[in-house]
Amino acid sequence: MSKLPKPHIFKPEESKPLRWGVFGAGWIVDAMLKTAAKNSNQKFVAIASRTAGKAEAMAQKYGIESAHNSYEELAARPDIDAIYIGTLPSDRLEVALIAINAGKHVLIEKPITVDLAEAEQIYAAAKSKKVLALEAMWTRFLPQMDIARQLVKDGTIGEVELVVSNFCPANLEVPRLFTLGGGNPIIDMGIYPIALSQQFLGEPEEIHAFGKLHPNQIDEETHTFMRFKSGARSNFVLSARTALPIYAAISGSKGAIDFGTPWFTPSAITLYSNAFGDQGETWIDDTGMREHWGLIHQVHAFAQYVEQGLLESPLYTHKESLANIDTALKIGAQIGTRFK
């Protein structure tokens, strides 16, 4: 079997520095600013939160120049090129439009919203204002995912027939996930395996799902089976209730790809033939980035897209983003979860 290809890595030195503002000051913003401080040349210069004191505390922690209590105030600044939006999904439409209408490029945490029409409105507004809008599906920009795309595109594993994954980090102690408007597990966490399957197989023709609901009718665990136009299949287990090694693999007619765990972060990839007992060939991420440090790859890609004048990412288009949200909502409807 052929050797593994080299991954494309979005390098900081190849990405023109932008001046960034930030909406929100929660844990995902903290993770983004932490990796940016260590692994990037991008300039995060302003942060806003509507919760008194949070923006100031985060600004002090990361040496950010200024803090605001108003998103409108930050967005109006002429010295800001782009805004990273890490607020709750329930207010993403409102705050994204504040940034877009001020002419700022936007990187919006996933899920971009929990409502398909709202996501469509965000992308339409960005196109109208001629600014880049990207849902922060950071797994698309990881090196091992680039290798996987190359192996599928060049036919190394043949026709893709099966995508299997799980996302089971036992998040019952995260109140946000079980609060209406905070982002249900099926869309906040499930968007990862959905996006993995649909990246390689397109949109499903059949979806079959069953799940376990929290007492407040928000999903805790979901088992999903999907069939695609080609006849290919996909299945995944999503659980905010139980923990498993977070595993994913892709099987084709000539071979298979196995991702290192947890597969949605910087990890590894192994290429196997179809021979029983094949030990495969492995590429291991040696960038030194682990877990959420990998958020920075999408930021470097974003800066390159801005410089190129792109209005959406070729690696994660608006159409793909909407299709993933649509699938998550259809699964949610089947298992009876509440979103509002």
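For sorting a pocket lining by class, Ala, Val, Leu, Ile, Met, Phe, Trp, Tyr, Cys and Pro count as nonpolar, Asp, Glu, Lys and Arg as charged, and the others, Gly among them, as polar. On that basis, the lining of the largest pocket in this predicted model splits into 16 nonpolar, nine polar and eight charged residues. Two open sheets frame the rest of this briefing: one has six strands with parallel pairing, and the other has eight strands with mixed pairing.

**The largest pocket**
- Its volume comes out at about 650 Å³.
- The lining runs to 33 residues, and the ones nearest the pocket centre are Trp27, Ile28, Gly86, Arg176 and Asp188.

**The enclosed cavity**
- If you're hunting for internal voids, the count of cavities of 30 Å³ or more is one.
- The largest cavity holds about 40 Å³ of space.
- Its walls are made by Thr139, Arg140, Met145, Tyr192, Ala195, Leu196, Gln199 and Trp263.
- Helix 8 (residues 191-201) gives the largest share of that lining, with four residues.
- By class, the cavity lining breaks down into five nonpolar, two polar and one charged residues.

**The six-strand sheet**
- Reading across this open sheet, the strand order is 3-2-1-4-5-6, and the pairing is parallel.
- Strand 3 (66-68) and strand 6 (133-136) sit at the edges with a single partner strand each, so one side of each has no neighbour in the sheet.
- From one strand to the next, the twist averages 25°.
- Out towards one edge, strand 2 (residues 43-48) pairs with strand 3 in the parallel sense over three bridges, and Ala48 has His68 in strand 3 as its bridge partner.
- Helix 1 (residues 27-39) packs on this sheet and touches strand 1 (19-23), strand 2, strand 4 (82-85) and strand 5 (105-109).
- The direction of helix 1 makes about 160° with that of strand 2.

**A closer look at strand 5**
- Strand 4 and strand 5 run parallel and are joined by four bridges; Ala82 stands opposite His105 in strand 5.
- How many residues of strand 5 are buried? Five of the five are, so the strand is largely enclosed by the rest of the structure.
- As background, side chains in a regular strand alternate between the two faces of the sheet.
- In strand 5, His105, Leu107 and Glu109 are buried on one side, while Val106 and Ile108 are buried on the other, which leaves both faces covered.
- For the record, buried here means under 20% relative accessible area.

**The eight-strand sheet**
- This open sheet has the order 8-9-10-7-11-12-13-14, and its pairing is mixed.
- Strand 8 (204-213) and strand 14 (281-284) are the edge strands, each pairing on one side only.
- Neighbouring strands here are turned by 10° against each other on average, ignoring direction.
- Strand 8 and strand 9 (residues 219-228) pair in the antiparallel sense over nine bridges.
- One bridge to look up is at Ile207, whose partner in strand 9 is Met226.

**Helix 8 against the sheet**
- Besides lining the largest cavity, helix 8 lies across several strands of the eight-strand sheet, among them strand 7 (160-167), strand 10 (233-239), strand 11 (248-252) and strand 12 (255-259).
- Strand 8 and strand 9 are also on the list of strands that helix 8 lies across.
- Helix 8 runs at about 170° to strand 7.

Notes. Residues are numbered from 1 along each chain as its sequence is written. This is a predicted model: local features need pLDDT of at least 70, side-chain atom pairs count only at pLDDT 80 or more; totals for chains, interfaces and linings use all residues. Side-chain values use heavy atoms; hydrogens and water are left out. On a 1 Å grid over the protein atoms alone, a cavity is a set of points where a 1.4 Å probe fits but cannot get out, and a pocket is an open set with protein on both sides within 12 Å along at least five of seven lines; lining residues have an atom within 4 Å of a point. Grid points are joined across faces, edges and corners, and a volume is the space filled by probe spheres set on the points. Two strands pair if DSSP finds at least two bridges between them. Axes are lines fitted to C-alpha atoms, for helices over the stretch in contact, and angles run from 0 to 180 degrees between N-to-C directions. Contact means heavy atoms within 4.5 Å. Buried means under 20% relative accessible area, exposed over 50%, partly exposed in between (1.4 Å probe, protein chains only).
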